[in-house]
Amino acid sequence: MAKSPEDKTALQRPEPRLPKGFRDIGPAEIRQNMVMLAKIRDVYERYGFEPLETPAIEYTDALGKFLPDQDRPNEGVFSFQDVAPEARDVKGTEPWLSLRYDLTAPLARYVAENFDKLPKPFRRYATGTVFRNEKPGPGRFRQFTQFDADTVGSESVAADAEMCMLAADTMEALGINRGDYVIKVNNRKLIDGVLESAGLAGEENAGRRLIAMRAIDKFDKFGQHGVALLLTRGRKDESGDFTPGAGLSDEQAGKILSLLGVGYASTGSSTVAHLRNIFGDTEHGRQGLDELEQIALLVETAGYGNDRIRIDSSVIRGLEYYTGPVFEAELTFEVKNEDGQTVRFGSVGGGGRYDDLVARFTGQKVPATGFSMGVSRLQAALASLGQAKADALGPVVVLVMDRDQVASYQKMTQNLRNAGIRAEMYLGSSGMKAQMKYADKRGSPVVIIQGGDERAKGEVTLKDLIEGAKAAAAFKDNKEWKAARPAQSTIPEDQLVEAVRDILAQYQA
């Protein structure tokens, strides 16, 4: 049987669906994020950082981490080719463009492009969406928000120490108590020194060094035994998938594993002294320990104890990225996941020194250090602590009781807005019962009602929906509730703004 035109149209309709790894974000979470971002911004501003915004799209070669192959750039970046004739370069090539995968690579491009005009050091903060073309998973999305602070143009270890202090202050500004977070600090030079002493020095061992660092980075996930397997003969997971190891001997692996079991002393300075006894046998190791000792002295002098900023030799970040101190903001409190298991949130941010990034453009070494906060993960952590609070009240809703009086209802609504009160007039076509349901769904704290009787007397009726819901639970039946008309009052219309403010004040404290 031939399909009707209506059937053919239905077949052509797109299915409403999200791309995998992406999500919609509703008003409650957006408002929570707005509150959280304002608190982070306040700390960054206090430290003297200035805002900067760069585009979400950059030339792929400028991002630097991923380059195009014959078909398209891959390995973690969303890219496309600009085929417009005006986009072609002098050779007539159609350039590749990519969505930014972090906020640091665009910063390096900006600094290189504007180097002569910028103050040195250049201190900026930025927040924005970044994109990763990676396999999505539970809680792992391809689009998320970061909030960064960076100092470009300073070799001083004081700039790294400042990033650690900024991270600690940010945690506390967000309501995370001491003891529920720690800023862990290590140094890539120390790690390089340990790898050298394990026989992995030189360009010929670059591949095995990278495998070894990736193995160390899996310590929280696989434990010491799992890391030992990844350093030596390889590891098979529960599904049977095999990950090849670095092929190190047990003795070599033991030297690297010693990074993971050192622990920490009562102060950062004493931890560094202990690490120096174990890992001070190479030039790189000594350089890294010297820098950690300076950081420990700086943060301790500023009043940041081991409970806030801690030297920790197990921290690995940015395997092919960082060149000196590295730091990680870790949440230490435990929560229950969806399966009722006790888990920790772990890392919610991190950073470190990256002295080679701007040099990609200029050929000149430009020292830099920075810290990046993972906003989405941090928001989830704050929600579990009950700290992800925002003004969840919806707007005051002015009900439309008489269709021929829309102008007067609109004027009433505008009077509320002009007084700084969030308000809206009902714009649908339903009756009072449906309008009340609408106000409920909007989370409205109060509705304004004016029918013909109220208008004739110059009055309006206010219904406090929050208090009314509480009061309704105390009544035995609907008849009793209607007779009492809880949380409802009638006032002169010229007192509307003041009366609404009084109701809202109860819920905005």
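A residue is called buried here when its relative accessible area is under 20%. With that in hand, welcome to a quick tour of this predicted model. The stops are a kinked helix, α8, a buried glutamate, Glu-328, and an open sheet of 3 strands.

**Helix α8**

- Helix α8 covers residues 219–231, and its end C-alpha atoms are only 11 Å apart.
- A straight helix of 13 residues would span 18 Å, at 1.5 Å a residue.
- Look at His-225 for the centre of a kink of about 80° in α8.
- On the buried side of the ledger, α8 contributes Gly-226, Val-227, Leu-229, Leu-230 and Leu-231.
- The cover over these buried residues of α8 includes two helices, α7 (206–217) and α9 (250–257), along with the strands β8 (235–236) and β9 (242–243).

**Glu-328 in strand β11**

- You will find Glu-328 in β11, the strand made of residues 325–336.
- Glu-328 counts as buried because its relative accessibility is 14%, and the cut-off is under 20%.
- Beyond its neighbours within four places in sequence, Glu-328 touches Val-182, Ile-183 and Lys-184, then Val-315 and Arg-317, and also Ser-347, Gly-349 and Gly-350.

**The open sheet**

- Three strands line up in the order β2-β4-β3, and their pairing is antiparallel.
- At the edges sit β2 (57–59) and β3 (79–81), each of which pairs on one side only.
- From one strand to the next, the twist averages 30°.
- Between β2 and β4 (residues 96–99) there are 3 bridges, in the antiparallel sense.
- Across from Ser-98 in β4 stands Glu-58.

Terms used
Residues numbered from 1 in each chain as written. Predicted model: local features only at pLDDT ≥ 70, side-chain atom pairs only at ≥ 80, totals over all residues. Heavy atoms only, no water. Helix = DSSP H or I, 4+ residues; strand = E, 2+ residues; numbered from the N terminus. Expected span 1.5 Å × (residues − 1). Bend = angle between axes of the 7 residues up to and from the residue. Buried < 20%, exposed > 50% of the residue type's maximum accessible area, 1.4 Å probe, protein only. Contact = heavy atoms within 4.5 Å. Pairing = 2+ DSSP bridges. Axes fitted to C-alpha atoms, helices over the stretch in contact; angles between N-to-C directions.
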